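Me: I have a structure to go through before I set anything up. Can you take my questions as they come?

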Amino acid sequence: MFASLQASVWAYPVLEVLHLLGVALLLGNLVLLELRAFGWGAVLPLAPLARLSLMVAMAGFGLAAVSGLLMFSTQPSELLANRAFTLKMLLLSLAACNAGWFHGRGSLQRLDTLARAQLLVSTLLWLGVLTCGRWIAYL
């Protein structure tokens, strides 16, 4: 399968598009939820919006993860030696830890100062992941 990914003219570009779609679904929905948490769209009930937003964000993450793993499989040694890739993986790990902490402490129900800070940190981490992903090709 991995050899066919390398041999195909279309496979890798399709995976890149799917990866970007997944990232867009993830980051777009997290930003939407963050805007609501900071008071924008206050007429929208938070709980149903959060359920929908997080469900789509998780689907986006799943799509990005699967497509990313398939792209990684085509050149693992080159990617592991790439500083942008290793930083991307570090930031992704930090984003996952932040998300676990956010949901573990019930931050969505609290929406206190720490919860809002966690949302901002999450968005910044994911923007860092996105930035490093683009830099992979240039380092």
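**Cysteines, fold and surface**

Me: How many disulfides does a search of the whole structure find?
Reply: Zero, searching the whole structure. Keep in mind that this is a predicted model.

Me: Why is cysteine 97 not in a bond with the closest cysteine sulfur?
Reply: Because that closest sulfur, in cysteine 132, is 16 Å away, which is too far for a bond. The cut-off for a disulfide is a sulfur pair within 2.5 Å.

Me: And what about cysteine 132, is there a disulfide or no disulfide?
Reply: No disulfide there; the nearest cysteine sulfur belongs to cysteine 97, at 16 Å.

Me: Is cysteine 97 buried or exposed?
Reply: Exposed, since the relative accessible area of cysteine 97 is 56% and the exposed class begins over 50%. Cysteine 132 counts as buried, at 9% relative accessibility.

Me: Changing topic. How many helices and strands does the protein chain have?
Reply: Seven helices and zero strands. The pattern along the sequence reads α-α-α-α-α-α-α.

Me: What does the C-alpha trace span along its principal axes?
Reply: About 50 × 25 × 25 Å. Of the 139 residues in the protein chain, 37% count as buried.

Me: What share of the contacts join residues at least 24 apart?
Reply: 72%, taken among contacts between residues at least 6 apart in sequence.

Me: Now the surface. What area does the protein chain expose?
Reply: About 8300 Å², with carbon and sulfur atoms supplying 76% of that area.

Me: How many positive and negative side chains are there?
Reply: The protein chain has 8 positive and 4 negative ones, and the centres of the two sets are 10 Å apart.

Methods
Residues numbered from 1 in each chain as written. Predicted model: local features only at pLDDT ≥ 70, side-chain atom pairs only at ≥ 80, totals over all residues. Heavy atoms only, no water. Buried < 20%, exposed > 50% of the residue type's maximum accessible area, 1.4 Å probe, protein only. Helix = DSSP H or I, 4+ residues; strand = E, 2+ residues; numbered from the N terminus. Contact = heavy atoms within 4.5 Å. Areas by Shrake-Rupley, 256 points an atom, 1.4 Å probe, with all protein chains shown as cover. Lys, Arg positive; Asp, Glu negative; His and termini not counted. Charge placed at Lys NZ, Arg CZ, Asp CG, Glu CD.
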